[in-house]
Amino acid sequence: MIERVGIYGGTFDPVHVGHLAIAEEARWICRLDRVVLVPVGHQPLKPEPHAATGAQRLRMLELACASNAAFVPSDIELRRPPPSYSIDTLEVLQAQFGSAVVIYFILGADALIDLPRWHRVADLVALVQLAVVARPGYTVDLDGLETHVPGIRERITWINGPQLAIASTDLRRRCAAGQPIRYQVPDPVYAYIEEHGLYRI
Ligand code: ATP
Ligand code: MG
């Protein structure tokens, strides 16, 4: 029976080994039975157009997750009309799994810092546990965060590594500049990006 589920949302444009190492570490630290990776359909706080389509981002996630039985990509946000709010997704998944299942929402420190701006953040923090991954270059002011979102501190489980300074933005830039990205994304994802000529401009 599944009791503990990680939900890991992101643009995943493209998914990289930093994402996968985090998902694996969170799975281990929080003893998760499954990690569901959810590409966002439309990110309210990230208005620039995506370089890859939702279908392409999902396909790359499927390729990346194929070798790990605990990793499951989900198109739940891609199927829903915008805007994509995490709380809506988490409520739907909690209802699907049932109230006996504990959800750990996995996010990076940069996303945690941003959390007070998120839609219905108090409901989000009341519903799920947070598995927060330290990220190079981002320091969290927990006291400040607690004033904006009371109760958040006790919901956090810290995932302290591995800290990989890889970001999709850099990978897109590298592709556009003709620089290599191989080994920063899983091999099948690299092959997909090459085959479809993604991120070249
Ligand atoms: P972009 O540069 O396009 O923002 P990204 O690499 O930050 O891409 P996202 O899809 O935005 O990837 O990230 C999804 C989630 O994973 C976010 O919560 C983010 O904080 C976290 N994350 C991504 N890369 C890392 C990393 N190298 N270390 C820690 N957390 C990360
Ligand atoms: Mg990001």
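In this structure, a good place to start is histidine 16, which is found in the loop between E1 and H1. The model is a predicted one. Histidine 16 has a relative accessible area of 3% and is therefore buried, since buried means under 20% relative accessible area. Leaving aside residues up to four places away in sequence, histidine 16 touches Ile166, Ala167, Ser168, Leu171, Gln184 and Val185.

From this loop, the view can be widened to the whole protein chain. Its secondary structure consists of eight helices and six strands. Followed along the sequence, these elements give the pattern β-α-β-α-β-α-β-α-α-β-α-β-α-α. The protein chain is as compact as a globular protein of its length, because its radius of gyration of 16 Å is close to the 17 Å that the globule rule gives for 201 residues. Along the principal axes, the C-alpha atoms fill a box of roughly 45 × 40 × 35 Å.

The contacts and surface of the protein chain add to this picture. Of the contacts between residues at least 6 apart in sequence, 76% join residues at least 24 apart. Buried residues account for 43% of the 201 residues. The protein chain exposes about 10,100 Å², and 52% of this area is supplied by carbon and sulfur atoms.

Attention now turns to ligand 1. There are 22 residues around ligand 1, and those that come nearest are Tyr8, Asp110, Leu164, Ser168 and Thr169. By character, the residues of this shell divide into 10 nonpolar, eight polar and four charged.

Several atom pairs can be picked out between the protein and the oxygen atoms of ligand 1. For threonine 11, a backbone N or O atom lies 2.9 Å from an oxygen atom of the ligand. In histidine 19, an N or O atom of the side chain is 2.9 Å from an oxygen atom of ligand 1. Serine 168, one of the residues that histidine 16 touches, has a backbone N or O atom 2.8 Å from an oxygen atom of ligand 1. Taken alone, ligand 1 exposes 590 Å², of which the protein buries 92%. The elements giving two or more residues to the shell around ligand 1 are strands E1 (4-10) and E4 (102-108), together with helices H1 (17-29), H4 (109-114) and H7 (168-176). Strand E1 and helix H1, which both appear in that list, are also the two elements whose connecting loop holds histidine 16.

Conventions. Residues numbered from 1 in each chain as written. Chains lettered and ligands numbered in written order. Predicted model: local features only at pLDDT ≥ 70, side-chain atom pairs only at ≥ 80, totals over all residues. Heavy atoms only, no water. Near = heavy atom within 4 Å. Polar contact = N/O pair within 3.5 Å; in protein donor to acceptor, adjacent residues only side chain to side chain. Areas by Shrake-Rupley, 256 points an atom, 1.4 Å probe, with all protein chains shown as cover. Helix = DSSP H or I, 4+ residues; strand = E, 2+ residues; numbered from the N terminus. Nonpolar A, V, L, I, M, F, W, Y, C, P; charged D, E, K, R; others polar. Rg over C-alpha atoms; globule rule 2.2 N^0.38 Å. Buried < 20%, exposed > 50% of the residue type's maximum accessible area, 1.4 Å probe, protein only. Contact = heavy atoms within 4.5 Å.
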